Amino acid sequence: MRLLHLAVPAVVLLAAVLSPSRVMATPSLVVSVPDQTLALVDGGLVKERFPVSTSRFGLGDGTGSYATPLGSLEIASKIGANAPLGAVFKSRKMTCEILQPNAAGRDPIVTRILWLRGLERGNARAYSRDIYIHGTPVEQLIGRPASFGCIRMRSRDIARLFSAVSVGTKIAVLNTGLSQAVAQATLALHARGVRLAAN
C-alpha cells in the first residue's frame with residue numbers, strides 16, 4: 001500500500017510524458033488544506049504557490065456550516081476585474097470603501113471574487129452557499145484556517161491569480177499535502193481527458 005501511495009506522482013509524470021497534451025491542457029488550481037496553500041498548475045507543473053486561509057469551522061458543504069467544501073469545483077464567475085486593491089465588496093457589488101491590509105476591526109471581502117461551483121455531490125451547495133476565493137484585509141491570518149467557508153488570499157495574490165484563470169477553470173480542494181494534492185488532481189484531470197477523448 002505504501003509503495004502504491006508513493007507511485008502516484010510517478011504515474012502522473014508518466015502520463016504527462018506519454019500524453020502531454022491531455023494532462024491539464026489549461027491551468028487549474030489545487031488547494032491543500034493541511035498546507036493552507038493554493039497552487040496554480042499548468043501542464044502538471046506548479047507554476048505559482050500562494051498562502052491561503054480555509055475555514056476555521058472545518059471541511060464540508062452543509063448549509064449553514066461555514067465549512068470549506070472539498071473535491072472538484074470550477075470558477076463560475078469572476079467579479080471585480082478593475083477594482084483597486086482593497087476595494088470592499090458587499091453582495092458582490094463594490095462599495096466606495098478601500099481598506100489597507102490588516103485594517104483594524106474589519107473583515108469584509110475585498111479586491112477580487114472567484115465564485116465557485118461544486119462539481120460533485122459532496123460540494124453541490126458551494127455556489128448557493130456563496131463559496132469564493134477572495135481577497136481579505138485580515139492578511140495576518142493568511143496561512144491558517146480563519147475564514148467562514150471561503151478560501152481567502154492576500155489582495156496582491158488574488159489580483160495576480162484572477163488574471164491567470166478564467167470562468168470554467170477547475171479547482172481541486174483536497175485534505176492532503178500539496179505535492180500529493182497536485183498529483184491527485186493531475187491524475188483526475190488526465191482521466192477525465194481520456195474519457196472525453198474516448199467519447
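This passage describes the fold, the largest pocket, the surface and the salt bridges of a predicted model.

The chain is made up of three helices and 10 strands, and these elements follow one another along the sequence in the order α-β-β-β-β-β-β-β-β-β-α-β-α. Of the 199 residues in the chain, 46% are buried. Within this framework, two residues other than glycine have a backbone phi angle that is positive, namely Asn102, with a phi near 65°, and Thr111, with a phi near 75°. Asn102 is placed in the loop between β6 and β7, whereas Thr111 belongs to strand β7 itself. Their surroundings are described by their relative accessibility: Asn102, at 37%, counts as partly exposed, while Thr111, at 0%, counts as buried, because the class of buried residues is defined by a relative accessible area under 20%.

The largest pocket encloses about 470 Å³ of space. Its lining comprises 21 residues, and those closest to the centre of the pocket are Ile109, Asp130, Tyr132, Phe148 and Cys150. Three strands, β5 (87–90), β7 (109–118) and β8 (132–135), each contribute at least two residues to this lining. When the lining is divided by residue class, nine residues are nonpolar, six are polar and six are charged. Asp130, one of the residues closest to the pocket centre, is at 31% relative accessibility and therefore counts as partly exposed.

Phe148, which is also listed among the residues closest to the centre of the largest pocket, takes part in a nonpolar patch on the surface together with Phe57 and Tyr66, and the accessible area of these three residues together is about 320 Å². Tyr66 is found in the loop that runs between β3 (45–51) and β4 (71–79), and with a relative accessibility of 46% this residue counts as partly exposed. The loop between β3 and β4 also holds Thr63, which has a relative accessible area of 69% and is therefore exposed, given that the exposed class covers values over 50%. Although Thr63 and Arg129 are 66 residues apart in sequence, their C-alpha atoms are 7.1 Å apart in space.

The count of salt bridges in the model comes to eight. In one of them, Arg117 is paired with Glu74, with 3.3 Å between the closest N and O atoms. Because Arg117 is in strand β7 and Glu74 is in strand β4, this pair ties together parts of the chain that are 43 residues apart in sequence. The two partners fall into separate accessibility classes, since Arg117, at 34% relative accessibility, counts as partly exposed, whereas Glu74, with a relative accessible area of 15%, is buried. Arg117 and Glu74 are further linked with Lys170 in a network of salt bridges.

Another salt bridge joins Asp130 to Arg92, the closest N and O atoms being 3.5 Å apart. This pair links distant parts of the chain, with Asp130 in the loop between β7 and β8 and Arg92 in the loop between β5 and β6 (93–98), 38 residues apart. Arg92 has a relative accessible area of 28% and is therefore partly exposed, and Asp130, at 31%, is likewise counted as partly exposed. The acidic member of this pair thus connects the description of the salt bridges with that of the pocket, as Asp130 is listed among the lining residues closest to the pocket centre.

A further salt bridge is formed by Asp157 and Arg154, whose closest N and O atoms are 3.0 Å apart. Here the acidic residue, Asp157, counts as buried at 7% relative accessibility, while Arg154, at 22%, counts as partly exposed. The value for Arg154 places this residue in the intermediate class because buried is defined as under 20% relative accessible area and exposed as over 50%.

Technical notes: Residues numbered from 1 in each chain as written. Predicted model: local features only at pLDDT ≥ 70, side-chain atom pairs only at ≥ 80, totals over all residues. Heavy atoms only, no water. 1 Å grid on protein atoms, 1.4 Å probe; cavity = no way out; pocket = protein on both sides within 12 Å on 5 of 7 lines; lining within 4 Å. Points joined across faces, edges and corners; volume = space filled by probe spheres on them. Helix = DSSP H or I, 4+ residues; strand = E, 2+ residues; numbered from the N terminus. Nonpolar A, V, L, I, M, F, W, Y, C, P; charged D, E, K, R; others polar. Patch = residues over 30% accessible without salt bridge, like charges linked within 9 Å, V, L, I, M, F, W, Y side chains within 5 Å. Areas by Shrake-Rupley, 256 points an atom, 1.4 Å probe, with all protein chains shown as cover. Salt bridge = Lys/Arg side-chain N within 4 Å of Asp/Glu carboxyl O. Buried < 20%, exposed > 50% of the residue type's maximum accessible area, 1.4 Å probe, protein only.
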